[in-house]
Each structure stands twice: as C-alpha cells, then as structure tokens.
Amino acid sequence: MSTSKPTVAVLGPGGVGGLLAALLARAGHRVVCLAGDRTAAVLRADGLHVDSEQYGEFTAAVAADTVLREPVDALFVTVKQTSLAEALDRVPADLLGSAVVVPLLNGVDHLVVLRARFPAAEVVAGTIQIEATRTAPGRIAHTSPFANLVLADPDQRLEPFAQALRAAGLGVALGPDESTVLWNKLSFLAPFALLTTRHRTDVGTVRDRHRPELLTVLDEVAAVARAAGAPADAEDLLALFDRFPATMRSSMQRDAEAGRPLELDAIGGAVLRAGAAHRVPTPATAQLVAALS
Ligand SMILES: NC(=O)c1ccc[n+]([C@@H]2O[C@H](COP(=O)([O-])OP(=O)(O)OC[C@H]3O[C@@H](n4cnc5c(N)ncnc54)[C@H](OP(=O)(O)O)[C@@H]3O)[C@@H](O)[C@H]2O)c1
C-alpha cells in the first residue's frame with residue numbers, strides 16, 4: 001500500500017464497521033460506508049456518531065453509498081455472516097481490483113467466499129477484539145476499553161497499512177498464519193457463544209452450573225482447532241473462561257434475546273464442518289448447535 005492515508009470502504013457500518021469507519025475518517029482517510037438506503041442516507045446527512053469509553057464522544061463525516069462506485073485501497077467487511085451474501089452485491093469485483101480486503105466477521109468460512117468473489121484482491125484473515133453496538137443507524141456505542149485487530153500476515157507485508165490503522169487509534173497486531181488467527185478467536189468464541197445462548201445465562205453460571213458440558217465442548221473445539229493447524233489447548237481455554245467477568249454475555253445471546261438471526265452457522269457450524277473434515281468427533285458441540293437451530 002503506497003499511501004500513508006489509504007482510502008477505505010466499509011461494508012456494513014454497524015458496531016464494528018461504524019467504529020472503524022469513524023476512527024479512520026477522523027484521522028483524515030477518505031472513508032466510504034456501504035449500506036442499505038436508509039443507513040446510507042443517515043450517514044450522508046449526519047455522519048457517524050461514536051460514544052466510546054476509549055475514544056470519547058465524537059461525530060465523523062463519512063461518504064456513504066449503497067454500492068461501491070470508486071476505487072479504494074482497502075475494504076473492511078463488517079456485516080454479520082447472515083447478511084454477507086446479499087451485502088457482497090454492493091462491491092463490484094472489477095472496481096475493487098487488487099485492494100486489500102479485511103473481513104472481521106466471526107467464523108472461518110467467509111474467506112473462501114470472499115476469495116471466490118474477489119479473485120484479484122488480497123483477502124487477509126482478520127479478527128477484532130472489541131465490544132461495540134450499533135444502537136441506531138449511524139450511532140455506535142463502543143463499550144470495551146480496547147479495539148484490537150489481529151491480521152494474518154506472517155511476512156509483515158501489511159505493516160504500512162497496520163501503521164495507518166494504528167495512527168487512527170486502533171490496536172493492530174500482524175499475526176501468524178490464517179488458521180492460527182481465526183481459530184484463536186473461534187476456539188474461545190464458539191463454546192462461549194453456544195453455551196451462554198443455549199442456557200440463556202452469563203459466563204459465570206455456565207462455568208459453575210454447566211462445567212462438565214463446558215469441559216467437553218472445550219476439549220472438542222480445541223481438538224478441531226489443532227487439527228485445523230492452530231495451537232489450541234483446552235486447559236488454556238478453560239483458564240481464559242475462568243478469568244472472564246462472571247456477568248459477561250455473548251452477542252449471540254443478545255441476538256437470540258432480540259429475535260435477530262444468529263451467527264450459528266458461522267460459529268457453531270464452522271466447528272462441526274472442520275471437525276468432519278479432519279475426522280474429529282464433536283458430539284457435544286453438535287448437540288448445542290442442533291438445540292439452537
Ligand atoms: N460488535 C462486536 O462487539 C463484535 C466483536 C467481535 C466480532 N464481531 C463480529 O463482527 C461482525 C459484525 O458484527 P456487528 O456487531 O458490527 O454487527 P452489526 O452492528 O449488526 O452491524 C452490521 C452492519 O451491517 C449492515 N448490513 C446488514 N445487511 C447489509 C447489507 N445487505 N448491505 C450492507 N450492509 C448491511 C447493517 O446495516 P444497518 O445499520 O442498516 O442495519 C449494520 O450496519 C459479526 O460477524 C460479529 O460476530 C462483533
């Protein structure tokens with residue numbers, strides 16, 4: 001990437017995408033948010049309003065459209081998996097060309113979809129550690145005191161891009177291989193999301209009242225992650241579970257309570273598919289996915 005202020009498109013300016021778009025726009029990047037008619041109109045008129053523990057309260061002007069109509073250096077894909085197929089129609093592959101594409105969806109299977117859709121682009125696996133909510137179109141509440149990206153880039157070729165993101169205030173680590181980056185996140189997230197949603201409770205209650213099931217699911221998911229090439233360990237995952245604040249709840253659980261579609265296939269389905277592909281049994285995870293389907 002040649003410029004220190006790459007132009008960026010953000011497909012899905014919600015909790016994650018809206019915060020990224022607002023930070024980058026505030027730092028002087030040209031940012032184009034791609035959204036449906038209503039959200040694009042709100043963003044064009046009022047910009048993105050962020051209320052953040054970490055960055056304070058601010059409004060950033062952004063360009064917004066329903067379709068990408070100009071070349072960009074990078075595209076963040078920040079829709080939920082349940083809207084991905086439809087949302088991708090907003091990005092013509094020939095216009096995107098060889099841009100860097102960073103999906104920050106949870107799960108692992110979206111990379112294949114993006115690479116098939118944008119064959120000339122550089123699709124980079126990424127994850128984000130954050131808690132951010134779109135409270136209304138164009139309004140973002142960022143409630144974690146961090147917003148940290150990990151991008152799979154073993155050769156550190158994306159360092160100039162990472163520097164531009166850091167200059168906007170984001171935490172960015174250029175991580176190891178793709179499997180490690182994605183499974184590091186999914187091997188914690190899948191047990192956390194499935195168990196809290198299934199039992200309609202917080203992480204503290206899961207680890208106290210459903211510990212045998214938690215241990216079984218952690219074993220299964222860690223075995224799948226290892227088979228997929230990531231260095232996962234069930235005991236490390238359990239230690240992480242035990243460190244989390246007891247009242248913590250998952251976004252899948254919040255989606256279930258609000259009657260929104262769940263990212264069940266991206267999170268639970270991905271574990272089952274990888275387990276089947278690597279011949280790792282996942283009966284307890286399968287039961288959870290079936291119960292939530
Ligand atoms: N939020 C977090 O704290 C967090 C943390 C880590 C990972 N993640 C992952 O990040 C991904 C995004 O989550 P999120 O919480 O940011 O979701 P979100 O707040 O629901 O935002 C999704 C955005 O996508 C937009 N959208 C939906 N369908 C679209 C379409 N067809 N075309 C264009 N835009 C469309 C929505 O538009 P409208 O505004 O018009 O509804 C919304 O702005 C998920 O995979 C999630 O698991 C989230």
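This is a short chat about the ligand and the salt bridges in a predicted model.

Trainee: What should I know before I start?
Mentor: This is a predicted model in which local features need pLDDT of at least 70 and side-chain atom pairs count only at pLDDT 80 or more, while totals for chains, interfaces and linings use all residues. Residues are numbered from 1 along each chain as its sequence is written, and side-chain values use heavy atoms, with hydrogens and water left out.

Trainee: How many residues surround the ligand?
Mentor: There are 25 of them, where a residue counts if one of its heavy atoms lies within 4 Å of the ligand, and the closest are Thr39, Arg90, Asn106, Arg134 and Glu263.

Trainee: Which atom of the ligand does Asn106 approach?
Mentor: A polar side-chain atom of Asn106 lies 2.8 Å from an oxygen atom of the ligand, and for Arg90 a polar side-chain atom lies 2.7 Å from a nitrogen atom of the ligand.

Trainee: New topic: how many salt bridges are there?
Mentor: The count comes to 12, taking a salt bridge as a side-chain nitrogen of Lys or Arg within 4 Å of a carboxyl oxygen of Asp or Glu. One of them joins Arg117 and Asp89, with N to O at 2.6 Å.

Trainee: Are those two buried or exposed?
Mentor: Arg117 is partly exposed at 34% relative accessible area, whereas Asp89 is exposed at 55%; buried means under 20%, exposed over 50% and partly exposed in between, with a 1.4 Å probe and protein chains only.

Trainee: Which residues form a network?
Mentor: Lys80, Asp255 and Arg260 are linked in a network of salt bridges.

Notes. A polar contact is a pair of N or O atoms within 3.5 Å; within protein, one must be able to donate a hydrogen and the other to accept it, and residues adjacent in sequence count only if both atoms are side-chain atoms.
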